[in-house]
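Visitor: Could you take me through one part of this model up close, and then show me how the rest of the chain fits around that part? I'd like one connected tour rather than a list.

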Amino acid sequence: MAINGVINGSDYILIIDGTYIMYGVSSSMQINLSTKDISCRETDNWNKKLLSNKDWSMSFEGKFGLTYNDGTTNTAHPGLNPITFEQIIDNAYMDQERILLALLPFTDTGFDPANPLWYGEAYISSISIETPNEDSSTIALSFNGVGPLIQN
């Protein structure tokens with residue numbers, strides 16, 4: 001599905017394993033391509049390189065919501081279930097499992113989790129919670145990709 005026009009950075013959402021959803025404040029994605037030197041005498045002392053390894057990482061900052069004992073959440077965006085701190089800690093530090101990560105834009109008509117813009121398997125590499133005075137709390141997550149980053 002092609003998305004036309006400029007997408008506001010705050011319009012992205014993060015989906016983890018198809019269930020945990022966070023509305024974005026900001027996000028970034030980095031794709032690295034490394035090279036290896038294949039220079040030899042025949043290259044007349046000029047460096048010659050080939051593409052070697054590829055990797056990707058992603059960071060995402062979203063609204064931090066708490067799940068209360070009755071199952072309700074504190075979120076400014078009804079219909080989105082924010083990830084809880086306990087779920088992040090369990091996944092990153094207790095279970096240490098790969099997650100299926102998807103980053104896609106949220107539009108006026110909603111979103112289609114079956115058709116993400118970017119997705120792939122990753123590990124959570126860092127977690128940070130910001131709680132500014134008189135402002136919304138946010139949580140920042142960093143991910144290191146495992147395998148290919150797939151784009152629709």
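Guide: Let's start with E134, which counts as exposed, its relative accessibility being 77%. Keep in mind that we're looking at a predicted model. E134 sits in the loop between β5 and β6, and its backbone does something worth a pause: phi is positive, about 60 degrees, although E134 isn't a glycine. Most residues other than glycine have a negative phi. So, to sum up this spot, E134 is an exposed residue with a positive phi in the loop that leads from β5 to β6.

Now step back into the strand before that loop. Strand β5 covers residues 118-130, and I129 is part of β5. I129 is partly exposed, because its relative accessibility is 32% and the buried class ends at 20%. On the other side of the loop, β6 takes in residues 138-145. Check I129 against L141: they are 12 residues apart along the chain, and their C-alpha atoms are separated by 8.8 Å.

Stay with β5 a little longer, since E121 lies there too. E121 pairs with R98 in a salt bridge, with 3.1 Å between the closest N and O atoms. R98 belongs to the loop between α1 and β4, so this pair ties together parts that are 23 residues apart in sequence. The structure holds 1 salt bridge, so you've now seen the full set. Neither partner is buried: R98 is partly exposed at 44% relative accessibility, and E121 is partly exposed at 36%.

From R98, follow the chain back into helix α1, residues 85-95, where you'll find D90. D90 is partly exposed, with a relative accessible area of 38%. On the surface, D90 joins D17, E86, D95 and E97 in a patch of negative charge.

There's a nonpolar counterpart to look at as well. I31, L33 and L51 make up a surface patch, and together they have about 340 Å² of accessible area. L33 comes from strand β2, which spans residues 20-37, and L33 is exposed, at 52% relative accessible area.

For something from the interior, go to S57 in strand β3, residues 49-63. S57 counts as buried because its relative accessible area is 18%, under the 20% cut-off. Leaving aside residues up to four places away in sequence, S57 touches S28, M29, Q30, F143, N144 and G145. Among those, M29 is one to click on if you want to see what S57 touches.

Finally, the whole chain. The secondary structure comes to 1 helix and 7 strands, and from the N terminus the order is β-β-β-α-β-β-β-β. Of the 152 residues, 26% are buried. The chain exposes about 9800 Å², with carbon and sulfur atoms supplying 48% of that area. As for contacts between residues at least 6 apart in sequence, 60% of them join residues at least 24 apart. With that in view, swing back to E134, in its loop between β5 and β6, and have another look at that positive phi.

Conventions. Residues are numbered from 1 along each chain as its sequence is written. This is a predicted model: local features need pLDDT of at least 70, side-chain atom pairs count only at pLDDT 80 or more; totals for chains, interfaces and linings use all residues. Side-chain values use heavy atoms; hydrogens and water are left out. Patches are made of residues with over 30% relative accessible area and no salt bridge: like charges are joined within 9 Å, nonpolar side chains (Val, Leu, Ile, Met, Phe, Trp, Tyr) within 5 Å. Accessible areas come from the Shrake-Rupley method with a 1.4 Å probe; for residues, only the protein chains shown count as cover. A salt bridge is a side-chain nitrogen of Lys or Arg within 4 Å of a carboxyl oxygen of Asp or Glu. Lys and Arg count as positive and Asp and Glu as negative; His and the chain ends are not counted. The place of a charge is taken as NZ of Lys, CZ of Arg, CG of Asp or CD of Glu. Helices (H or I, at least four residues) and strands (E, at least two) are DSSP runs, numbered from the N terminus. Buried means under 20% relative accessible area, exposed over 50%, partly exposed in between (1.4 Å probe, protein chains only). Contact means heavy atoms within 4.5 Å.
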